[in-house]
Amino acid sequence: MSKSLFDGTKEQMDRLLDCIAAHSGEAGALMPVMHEAQSIYGYLPAEVQTVIAEKLNIPLAEVYGVATFYSQFSLSPKGKHQISVCLGTACYVKGSDRILEVLEKELKIKCGECTPDGKFSIDSCRCVGACGLAPVMIIDGEVYGKLKADDVWEILERYMKG
């Protein structure tokens, strides 16, 4: 597991507290507050979940339960460059698992983690709708298809330099 990169600022906390205050007392306040918190921080670290729970007067377990149930929430930081490897059937059959292995080896992190310098994070997804290009990897919204394991380093180098 990569170390926590949480380093929230006073400005971020002020924005979070303003959001909580705006929704305080509303039925169903948790979801909009969590969406805004993720927008502010980029993910939902334990420290932020604790503030949300305390200020909305709900159990921390409920906040954590919502954060882990819905796929749009992340408990770990995302890198400057976000990598997603499709593990849908077409991509998997054509070797996307090998692409993911190479990424993990090259970046020295596992799927779901962020590099210690905050430059890269790796995630997987089930299908991006580009089955004809299988296997597919997406970096910062740019799709790379018909990949071979040998292609990964050359693609990563572009983002390391830029």
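Start by selecting D140 and H81: their side chains are joined by a polar contact of 2.6 Å (a pair of N or O atoms within 3.5 Å, where within protein one must be able to donate a hydrogen and the other to accept it, and residues adjacent in sequence count only if both atoms are side-chain atoms). You are looking at a predicted model, in which local features need pLDDT of at least 70 and side-chain atom pairs count only at pLDDT 80 or more, while totals for chains, interfaces and linings use all residues. Residues are numbered from 1 along each chain as its sequence is written, and side-chain values use heavy atoms, leaving out hydrogens and water.

Stay on D140 and add Q82, whose backbone nitrogen lies 2.8 Å from a polar atom of the D140 side chain. C-alpha to C-alpha, D140 and Q82 are 5.4 Å apart in space but 58 residues apart in sequence.

Is D140 buried or exposed? D140 counts as partly exposed because its relative accessibility is 41% (buried is under 20% relative accessible area, exposed over 50%, partly exposed in between, with a 1.4 Å probe and protein chains only).

Next, select helix α3 (residues 46-56) and helix α4 (residues 60-69), which pack at about 125 degrees with axes 8 Å apart (axes are lines fitted to C-alpha atoms, for helices over the stretch in contact, and angles run from 0 to 180 degrees between N-to-C directions; helices are DSSP runs of H or I, at least four residues, numbered from the N terminus). To see the interface, show Q49, T50, I52 and A53 of α3, which meet L60, V63, Y64 and A67 of α4 (contact means heavy atoms within 4.5 Å).

Key:
Helix = DSSP H or I, 4+ residues; strand = E, 2+ residues; numbered from the N terminus.
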